[in-house]
Amino acid sequence: MGVAILIGVAVAWLPLLWALALFGGAALLIAFLIEPALALIFTLCIAPLKALFETSIPLALPLDVGQLALGAFLGIWFVQRAASGEGQVHIAWGVAGGVALFWCAAGLSLWTAYSASAVLVELVKWAQILTLLVIVPNVRRWEWLVFGLLLSGALQGLLGLWQFIGNSGAPHLWILNYRFFRAFGTFMQPNPYAGFLGILLPLGVAAGAGAALDAWLNRPRRWEALLPPLVYLGMASLIGVGLLASWSRGA
């Protein structure tokens, strides 16, 4: 009853866009609490929008959108584990331990750093990576993590293709006799965009090939068995096209 009253008040007093944003955010929060892997997918897809928010959207945020989404995912993950009573945490000590040693060694540069704030910013990033290395192996649906990574890359690839065929609006990125533009996605520069896609392309190809091999070996008599390899290979194709559209020699 109380929730219904709050919804009615929101619809009556808030502008339509704000009301839709409020209800959409509430729906996402409920979905994330039910399945924290969805919050991780959301984080992976929204994190590359950092440069776009900083340059194109006049919205003052205390942190960039990727940091905020990551914080939300971490909070939801801890709440979900506390509610479910899951106490044991599996840690990949080999990888996490190596990153922890690197983090401690890098922290020594604070003593002679020209800009201590810049060092702290980078140390915070590596602390986040270390945190993810501890949490991600404990996400119940690891396949969703692969899907989230590839979905993020596929969306960037699709945007890059749209920019490549003439919707970039950046004259300094003309290529091929002024017929096409170098793609840059939401990274605002082609090379970091291509670096992001270049890391994800082998994962997409491997996931698609693995799903196809699994479907072939098990040979189920259902068309649904073809869906995972088609989805993975389709996303890998978009990533590859975006990578080519970036015209990045490094990638």
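Student: In this predicted model, in which sense, left-handed or right-handed, does helix 5 pass helix 7?

Tutor: The crossing of helix 5 over helix 7 is left-handed. That term applies when the near helix is turned anticlockwise from the far one by less than a right angle. The axes of helix 5 (residues 65-84) and helix 7 (residues 116-135) cross at roughly 35 degrees and come within 12 Å.

Student: Which residues make the contact between helix 5 and helix 7?

Tutor: Helix 5 contributes Q67, L70, F73, L74, W77 and F78, while helix 7 contributes Q128, T131, L132 and I135. By class, these residues divide into 7 nonpolar, 3 polar and no charged.

Student: What makes V146, L150 and L197 members of a nonpolar core?

Tutor: Membership requires a buried residue of a listed type, such as Val or Leu, joined to others through side-chain atoms within 4.5 Å. V146, L150 and L197 are among those with the most contacts inside the largest core, which has 17 residues. Helix 8 (142-167), helix 9 (190-218) and helix 10 (227-246) each supply at least two residues of this core, and the largest share, 6 residues, comes from helix 9. L150 itself, leaving aside neighbours within four places in sequence, is in contact with residues including L200, A207, Y232 and I239.

Student: How do you know that the span of helix 8 is close to the expected one?

Tutor: The expected span is 1.5 Å times one less than the number of residues. Helix 8 has 26 residues, for which 38 Å is expected, and reaches 36 Å from its first C-alpha to its last; the value is therefore close to expectation.

Student: Why is G148 of helix 8 called buried?

Tutor: G148 is classed as buried because its relative accessible area is under 20%. The elements covering the buried residues of helix 8 include helix 3 (36-46), helix 9 and helix 10.

Note on methods. Residues numbered from 1 in each chain as written. Predicted model: local features only at pLDDT ≥ 70, side-chain atom pairs only at ≥ 80, totals over all residues. Heavy atoms only, no water. Buried < 20%, exposed > 50% of the residue type's maximum accessible area, 1.4 Å probe, protein only. Helix = DSSP H or I, 4+ residues; strand = E, 2+ residues; numbered from the N terminus. Contact = heavy atoms within 4.5 Å. Axes fitted to C-alpha atoms, helices over the stretch in contact; angles between N-to-C directions. Nonpolar A, V, L, I, M, F, W, Y, C, P; charged D, E, K, R; others polar.
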